[in-house]
Amino acid sequence: MKAVALTRYLPIDDPQSLQDVELARPVAYGSDLLVRVEAISVNPVDTKVRSPKAQAETQPKVLGYDAAGVVEAVGENVTLFQPGDEVYYAGDVTRSGTNAQFHLVDERVVGRKPATLDFAQAAALPLTTITAWELLFDRMPFAIDMEGNARALLIIAGAGGVGSIAIQLARHAGFTVIATASRAETIDWCRSMGAHHVIDHRQPLAAQLEALGFKQVDAVLNLADTDRYWDAIGEIIAPLGHVGLIVEPSGLLRIGDPYKAKSVGIHWEMMFARARFQTPDMIEQHRLLNRVASLVDAGELRSTLTEVVGPINAANLREVHRRLESGSTIGKLVLAGWN
Ligand SMILES: NC(=O)c1ccc[n+]([C@@H]2O[C@H](COP(=O)([O-])OP(=O)(O)OC[C@H]3O[C@@H](n4cnc5c(N)ncnc54)[C@H](OP(=O)(O)O)[C@@H]3O)[C@@H](O)[C@H]2O)c1
């Protein structure tokens, strides 16, 4: 089968950083599905795993986590899917990745592909949607179908892959959504995803919120730089508020006052934790993805796809990695088909 792989960890401008290879097609055992991959999307985790270092691999290492495709074969313990089913998923960072024509994935982290989306549109969603959903509705004390008064939620990095779906989920849950974006095109994108207000993360946050009439916000999702906004969030978060984090800080975080004085909940999300640690509730990702597929098919959520860059090959993957490393992509970039 065709695949894109690395053996050395090189800067993305080096043509050897990701290469086209031929690998043996894997076989599904146990609770694994063998999926024929039709489309993939790329996330910052792909570029972080690929980042330059002295280490080398003896066997080609395949990256890639998001995929949409068709179940080709199933292991003997599989109960949720059968060959021919169309699926989408974000897989497991500890296993061989989706940048391959055929891919093994545990059925408990796989959902049925939304029927109203094609493979490319579906491949844009899983990793970022699991992240935003688990953060808001599994880690933080909110629900997709919240009752009661609208609460104000600030989403830092609204136009990124995670931000784009977080805006939609939060809007659906009844929040007043304030997203951050720093350029005309990302401001427009955040509004199109459903943000009520957009402020600029390059300018002081508190003054901009105050100008919109928000002295404080009930919750913050920091989807960009944990250290950089830490003091500002401490200032704007309401007493008994909640802060969600997804990015490793570069140093120590001071979690005392004002966070302690306000009794603020601090919540970490790591979307690969369930698969990596085989948690007893791992099947929740299957349920989550199916729930999201139903919301998409009902017209309540939409794909965050902004561009299909081309077919899945090393040259196109290097191009998408390079663009993601710039930190300025909008929504999700996808590769679809093989040639
Ligand atoms: N823990 C987890 O489970 C998990 C899961 C997914 C992602 N992540 C991490 O979360 C981060 C975001 O992921 P993503 O997929 O959303 O990234 P992304 O799609 O690459 O985000 C790009 C967007 O980020 C905005 N941005 C860039 N630098 C910023 C800054 N300093 N402050 C605020 N916004 C900034 C840009 O908006 P403007 O152009 O408007 O500035 C751009 O549109 C990455 O570090 C990723 O590795 C963690």
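**Notes on the model**

1. Leucine 240 is found in strand 13, which runs over residues 237–245. Before going further, please keep in mind that this is a predicted model. The backbone at leucine 240 deserves a look: phi is near 70°, a positive value in a residue other than glycine. Most residues other than glycine have a negative phi. Is leucine 240 buried or exposed? Its relative accessibility is 62%, so leucine 240 counts as exposed, given that the exposed class begins over 50%.

2. Next, the loop between strand 13 and strand 14 (265–268), where proline 258 lies. Which residue does a cis peptide bond join to proline 258? The partner is aspartate 257, and omega for that bond is about 5°. Most peptide bonds are trans. If you rebuild the figure, the cis bond between aspartate 257 and proline 258 could be marked on it.

3. Serine 263 also lies in the loop between strand 13 and strand 14. Phi of serine 263 is near 55°, again a positive value in a residue other than glycine. At a relative accessible area of 47%, serine 263 is partly exposed; the cut-off for exposed is over 50%, which is why the label reads "partly".

4. Tyrosine 259 lies in the loop between strand 13 and strand 14 as well. Tyrosine 259 has 3% relative accessibility, so it counts as buried, since buried means under 20%. Measuring C-alpha to C-alpha in the model, how far apart in space are tyrosine 259 and isoleucine 233? The separation is 9.1 Å, for two residues that are 26 apart in sequence.

5. Now the ligand. It sits in the largest pocket. Helix 1 (44–50), helix 3 (126–139) and helix 4 (161–172) are the elements that give two or more residues to the shell around it. How many residues surround the ligand? There are 27, and the closest are Lys48, Ser182, Arg183, Thr186 and Tyr229. By class, the shell breaks down into 14 nonpolar, eight polar and five charged residues.

6. Some polar distances to the ligand, for anyone setting up restraint lists or checking a pose. A polar side-chain atom of serine 182 is 2.6 Å from a ligand oxygen. At glycine 161 the protein partner is a polar backbone atom, 2.8 Å from an oxygen atom of the ligand. With arginine 228, an N or O atom in the side chain lies 3.2 Å from a nitrogen atom of the ligand. As for coverage, the ligand on its own has 940 Å² of accessible area, and the protein covers 88% of that.

7. Arginine 50 is found in helix 1. Buried or exposed? Arginine 50 is at 1% relative accessibility and therefore counts as buried. What does the side chain of arginine 50 reach? Its target is the backbone oxygen of leucine 10, at 3.4 Å.

8. Two glycines came up while I was going through the model. Glycine 234 is placed in helix 7 (residues 230–236) and is buried, with a relative accessible area of 3%. Glycine 234 and valine 37 are 197 residues apart in sequence, and their C-alpha atoms are 43 Å apart in space. Glycine 331 lies in the loop between helix 10 (314–325) and strand 16 (332–336). With a relative accessible area of 6%, glycine 331 is buried. Between the C-alpha atoms of glycine 331 and alanine 173 the separation is 20 Å, over 158 residues along the chain.

9. Last, methionine 270, whose place is in the loop between strand 14 and helix 8 (273–276). Its relative accessible area is 44%, so methionine 270 is partly exposed. What separates its C-alpha atom from that of arginine 8? The two are 26 Å apart, with their positions 262 residues apart along the chain.

Methods: Residues numbered from 1 in each chain as written. Predicted model: local features only at pLDDT ≥ 70, side-chain atom pairs only at ≥ 80, totals over all residues. Heavy atoms only, no water. Near = heavy atom within 4 Å. Polar contact = N/O pair within 3.5 Å; in protein donor to acceptor, adjacent residues only side chain to side chain. Areas by Shrake-Rupley, 256 points an atom, 1.4 Å probe, with all protein chains shown as cover. 1 Å grid on protein atoms, 1.4 Å probe; cavity = no way out; pocket = protein on both sides within 12 Å on 5 of 7 lines; lining within 4 Å. Sits in = over half its atoms within 2 Å of the grid points. Helix = DSSP H or I, 4+ residues; strand = E, 2+ residues; numbered from the N terminus. Nonpolar A, V, L, I, M, F, W, Y, C, P; charged D, E, K, R; others polar. Buried < 20%, exposed > 50% of the residue type's maximum accessible area, 1.4 Å probe, protein only.
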